[in-house]
Amino acid sequence: MPYQAEISRSSPGCILLLLDHSLSMEEPCKGASGERSKAEFLADAVSRLIQELILRCSREDGVRNYFDVGVVGYTTDNAGTPQIYAAWESEALQNRVLVPLREVADNPVRVEARKKLIEDGAGGVVEVETKMPVWISPVHVGGTPMRAALEYCRNIVQDWVDQHPNSYPPIVVHVTDGEWTPEEEDPRPAADSIKSIATSDGNVLLYNIHLSGEKGTTAVAYPSDTLQFSNDRLALAMFEMSSELPPQVVEEGRRKGFALTPGARGMLYKAQPQDLVHFFDIGTRTPTLR
Amino acid sequence: MNAEWVIKAVRLSKPGEVRCDDYYSYARYPGELRLAVADGASEAIYSGMWAKLMAKGFVRSRGFFPYEPEGIERFRSGIARLWQSRVDEKVKSGKAPWYVEQKVEEGAFATLAAVVVEEERPAPSSRLALSILTVGDASVFLLEGERVAVRQPALKANQFGTSPSLLPTSSRYRNQVLREALATTHEIDTVGDFVLVLCTDFMAAWIAEQIDSTDGLKKVRQLVQSSRRNLRREIREILSHSMRRKDDCTLVIVYKRYSAHMN
């Protein structure tokens, strides 16, 4: 059975986040914390995902290198040339794509004080101050060279798999808010190429999230067929680009209350900011860490 | 006939690890034997300390057994304050990384199996009263001859280790746990052949598997009769040959040994 490999320090996992940094990410959308740009919500959600991952992998002896983590941003320059880069902001991580988790933990660009609501154990909630480490900043400029970005990721992932042929396969989560740059070629072959890379435990998992700025839309979440969006060209393309969730992830998602069916794809379409956080939680679930 | 308690205990960290987040403790008082095992959730921080404080705290609480949720909560909150003060000493220096502070805010978690064995009055009596508290999948088995008289919690082998209830240090998470804690009382007839076993989930799953197999208690009996020296080796064998996920491993075996006594 694929997707069973135990993740350990000697056999780590890999999570690569591919983020659309194009100009349209400037559009505002409304989340629980008010109205902000899609880029701001995305940057926050990514930092929160990394924070959760680090907390999941922290023990008394420190953060264990159970994962190599990467954040890649993509846009174009004034001439329309694709710009694809490691998005870490801290000096220690700059220009490196995949970084062992402990180094990520030790190098946020800053740690902010935030408020959060927690249950008080007696049926109520209380507001407490908490520390929020930040690794990336919001970016919104230029075009959407999706194919070139996916090709860049394919090379990163291929190198990692060559070094970890028996590990749990890499998880690539791609977040965008729209269509690829019109002059560019269709990104689907590049997505297929990523999904064709495999370790002995299974093929690389590529998930796609489409962020929506429209208020009140309901996301198409984890579809197992195209019935809901058969006339939507972009949704169909994203469906084709997205891997099926492994059965264990489907099970975990169901336990958390998501209506996931066998064959569900790792895809959100017209997602709101809060959907993004849930998706990161479900999509990056992996087997036991030891 | 004269009877003495025999207590054998083994605590092993999972293969390849030095740290062990399991703990056991026991103490004999006049008319009362107290035992506990606890398994700290290694995904949390300072859970080994939490497990140790709980096991020791229970064993030192002579004359106490929490039959009701309120009693369990009193016990939990008292030990949690102790845990917090010890952790604060380590963390509040201001030098701890952000993730250590956040893990400490979430608190530590552990399963617990705790037992009080009391001699019934008037002594000498052939009967013992047994009170058992379990939270999560740390387990207690009472074997009487070829019969399993008590199996608490009553789980099948494949149910161990999958998201058990955990006693938390933080009161935020206490409610559900207190609902799921199991406190029971039983009697042991010491005229018969009995063995009491407390263990954390790995060995509990193994014992449950044996009990539910066609061989029944044969291998469990062999294990409990092992000498102290061999017991450790045999558990290591079980650990290395098991198809289950490797884990820390703690087992406490208790029975009475009778000997002819000449005045």
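Biologist: Which residues does A:Ser243 touch, not counting residues up to four places away in sequence, and what makes each of them a contact?

Modeller: In this predicted model, A:Ser243 touches A:Lys195, A:Val204, A:Leu205, A:Leu206, A:Tyr207, A:Ala264, A:Arg265 and A:Gly266 once residues up to four places away in sequence are set aside. Each counts as a contact because heavy atoms lie within 4.5 Å. A:Ser243 itself is placed in the loop between H5 and helix H6 (247–255) of chain A.

Biologist: Why is A:Ser243 called buried?

Modeller: The relative accessible area of A:Ser243 is 9%, and buried means under 20%, so A:Ser243 is called buried.

Biologist: Where is A:Ala87 placed, and why does A:Ala87 count as buried?

Modeller: A:Ala87 is in the loop between strand S7 (82–86) and strand S8 (98–100) of chain A. The relative accessibility of A:Ala87 is 11%, and the cut-off for buried is under 20%, so A:Ala87 counts as buried. With residues up to four places away in sequence not counted, A:Ala87 touches A:His21, A:Val71, A:Val72, A:Gly73, A:Trp135 and A:Ile136. Between A:Ala87 and A:Leu19 there are 8.8 Å in space, C-alpha to C-alpha, although the two are 68 residues apart in sequence.

Biologist: How many disulfides does the structure hold over all chains, and why do A:Cys14 and A:Cys153 not form one?

Modeller: The structure holds 0 disulfides over all chains. For A:Cys14, the closest cysteine sulfur is that of A:Cys153, at 9.7 Å, whereas a disulfide needs sulfur atoms within 2.5 Å, so the two are too far apart for a bond. Seen from the other side, the closest cysteine sulfur to A:Cys153 is that of A:Cys14, again at 9.7 Å.

Biologist: Are A:Cys14 and A:Cys153 buried or exposed?

Modeller: A:Cys14 has a relative accessible area of 2% and A:Cys153 a relative accessibility of 0%; with the limit for buried at under 20%, both are therefore buried.

Biologist: How many aromatic pairs are there over all chains, and why is the pair of A:Phe229 and A:Phe239 described as it is?

Modeller: The count comes to 14 aromatic pairs over all chains. The rings of A:Phe229 and A:Phe239 have their centres 5.9 Å apart, and rings pair if their centres lie within 6.5 Å, so these two qualify as a pair. Their planes stand at 55°, which is neither under 30 degrees, as stacked requires, nor over 60, as edge-to-face requires, and the pair is therefore called tilted. The pair links distant parts of the chain, 10 residues apart, with A:Phe229 in the loop between strand S15 (220–221) and helix H5 (233–241) of chain A and A:Phe239 in helix H5 of chain A. Both A:Phe229 and A:Phe239 are buried.

Biologist: Which residues do ring pairs link into a cluster in chain B, and what makes B:Arg34 lie over the face of B:Phe58?

Modeller: The cluster comprises B:Phe58, B:Phe64, B:Phe65, B:Tyr67 and B:Phe75. B:Arg34 lies over the face of B:Phe58 at 4.5 Å from the ring centre, which satisfies the distance limit of 6 Å. In a second case, B:Arg11 lies over the face of B:Tyr23, at 4.1 Å from the ring centre.

Biologist: What makes S4(B) and S5(B) a pair of strands?

Modeller: Strand S4 (residues 109–119) and strand S5 of chain B share 8 bridges in the antiparallel sense, and pairing requires at least two, so the two strands pair. One residue of S4(B), B:Val115, stands opposite B:Ile132 in S5(B). S5(B) is also joined by 8 bridges to strand S9 (residues 182–189) of chain B, running antiparallel, and there the bridge partner of B:Leu128 is B:Ile188. Of the 9 residues in S5(B), 7 are buried.

Biologist: How many residues of H5(B) are buried, and why is B:Gln210 counted as buried?

Modeller: In helix H5 (residues 201–211) of chain B, 10 of the 11 residues are buried, among them B:Trp206 and B:Gln210. The relative accessibility of B:Gln210 is 8%, and buried means under 20%, so B:Gln210 belongs in that group. Neighbours within four places in sequence aside, B:Gln210 is in contact with B:Gly216, B:Lys219 and B:Val220.

Biologist: What is the confidence in chain B, and where is it lowest and highest?

Modeller: The mean pLDDT of chain B is 89, with 95% of its residues at 70 or more. Confidence in chain B is lowest in helix H4 (residues 174–180), at a mean of 76, and highest in helix H1 (residues 47–60), at 97. The model scores ipTM 0.79 and pTM 0.82.

Conventions: Residues are numbered from 1 along each chain as its sequence is written. Chains are lettered from A and ligands numbered from 1 in the order in which they are written. This is a predicted model: local features need pLDDT of at least 70, side-chain atom pairs count only at pLDDT 80 or more; totals for chains, interfaces and linings use all residues. Side-chain values use heavy atoms; hydrogens and water are left out. pLDDT is the predictor's confidence in each residue, from 0 to 100. Helices (H or I, at least four residues) and strands (E, at least two) are DSSP runs, numbered from the N terminus. Buried means under 20% relative accessible area, exposed over 50%, partly exposed in between (1.4 Å probe, protein chains only). Rings of Phe, Tyr and Trp (its six-membered ring) pair if their centres lie within 6.5 Å; planes under 30 degrees apart count as stacked, over 60 as edge-to-face and the rest as tilted. A charge sits over a ring if NZ of Lys or CZ of Arg is within 6 Å of the ring centre and within 35 degrees of the ring normal.
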